[in-house]
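Subject: A structure for you to look at

Hi,

Here is the structure I said I'd pass on. Have a look around it yourself, then read on for what turned up.

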Amino acid sequence: MTRRLGITGGIGSGKSFVCSILEEEFRLPVFRCDLEARHLINTDPLIKRQLTALVGNSVYAADGTLDKTALAGYLFASTRNATRVNSIVHPLVRLAFRQWCLRQSSGLVCMESAILYESGFSGEVDEILFVSSPPGVRLFRAMRRDHASRAQIEARMSRQDTSLARSNARYVIHNDAATTRESIINQIKELNLC
């Protein structure tokens with residue numbers, strides 16, 4: 001039976017970095033929830049109809065592409081708005097993950113999700129790996145990556161509660177400012193993940 005490992009952590013913790021190492025060095029398949037959600041938002045007709053009804057016609061341009069600014073404006077305006085959008089997108093991401101798992105031949109598959117518990121995706125995995133990083137490091141990384149202001153990233157960080165994920169994690173990878181690719185590889189080996 002295939003084991004399903006959920007990989008999570010706060011914004012800027014290095015989840016994607018750890019996942020790329022799992023793929024490249026350990027040859028594990030990784031399902032990236034954010035990428036799948038983005039793909040579905042741009043291609044799935046049901047999601048497009050529901051988001052347009054929820055947010056308004058401005059959420060998609062005339063050519064059918066998502067207006068990220070319009071969606072982000074709605075999404076980050078309130079927790080209630082985020083819940084509404086997530087209730088449209090998350091069920092289809094969950095279904096895509098289940099279908100993806102059926103196509104994998106590895107004994108261990110990974111799901112990367114920043115909001116593993118908030119999305120309900122924790123029920124789709126058997127074990128959790130938490131990527132831990134100090135808040136200041138996370139802030140710097142996210143500002144650089146997203147070309148966002150300190151206030152914008154701090155606002156996102158304040159909406160993330162990683163305590164449940166961390167307390168339920170079977171595995172923890174430490175990824176501070178001095179962490180190298182080699183040290184992540186060594187941590188993965190020490191955890192006997194694969």
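Below is what was found, going from the overall fold down to a few rings.

One thing to keep in mind from the start: this is a predicted model.

Let's begin with the fold. The protein has nine helices and five strands. If you walk along the sequence, their order is β-α-β-α-α-α-α-β-β-α-α-α-β-α. Try tracing that pattern on your screen, beginning with a strand and ending with a helix.

Next, the overall dimensions. Along the principal axes, the C-alpha atoms take up a box of roughly 50 × 40 × 30 Å. The radius of gyration is 17 Å, and a compact globule of 194 residues would come out near 16 Å, so the two agree.

How much of the protein is buried? Of its 194 residues, 45% count as buried. The contacts say something about how the chain folds back on itself, too: among those with a separation of 6 or more, 70% are between residues 24 or more positions apart.

Now for the outside. The accessible surface is about 10,300 Å², and carbon and sulfur atoms make up 53% of that. As for charge, you can count 25 positive and 19 negative side chains. The centres of those two sets lie 3 Å apart.

I've kept my favourite bit for the end: the aromatic rings. There are three aromatic pairs in the structure. One of them is Phe31 with Phe97, an edge-to-face pair with 5.3 Å from centre to centre and 65° between the planes. Where do these two sit in the fold? Phe31 is in strand S2 (residues 30-32) while Phe97 is in helix H5 (residues 79-102), so their pairing ties together parts that are 66 residues apart in sequence. Both Phe31 and Phe97 are buried.

Phe31 also pairs with Trp100. Here the ring centres are 5.5 Å apart with the planes at 55°, so this pair counts as tilted. Trp100 belongs to helix H5 and Phe31 to strand S2, so this pair ties together parts that are 69 residues apart in sequence. Like Phe31, Trp100 is buried.

Put together, ring pairs link Phe31, Phe97 and Trp100 into a cluster. If you want somewhere to start, zoom in on Phe31 in strand S2 and look across to Phe97 in helix H5.

Have fun with it!

Terms used:
Residues are numbered from 1 along each chain as its sequence is written. This is a predicted model: local features need pLDDT of at least 70, side-chain atom pairs count only at pLDDT 80 or more; totals for chains, interfaces and linings use all residues. Side-chain values use heavy atoms; hydrogens and water are left out. Helices (H or I, at least four residues) and strands (E, at least two) are DSSP runs, numbered from the N terminus. The radius of gyration is taken over C-alpha atoms; the globule rule is 2.2 Å times the number of residues to the power 0.38. Buried means under 20% relative accessible area, exposed over 50%, partly exposed in between (1.4 Å probe, protein chains only). Contact means heavy atoms within 4.5 Å. Accessible areas come from the Shrake-Rupley method with a 1.4 Å probe; for residues, only the protein chains shown count as cover. Lys and Arg count as positive and Asp and Glu as negative; His and the chain ends are not counted. The place of a charge is taken as NZ of Lys, CZ of Arg, CG of Asp or CD of Glu. Rings of Phe, Tyr and Trp (its six-membered ring) pair if their centres lie within 6.5 Å; planes under 30 degrees apart count as stacked, over 60 as edge-to-face and the rest as tilted.
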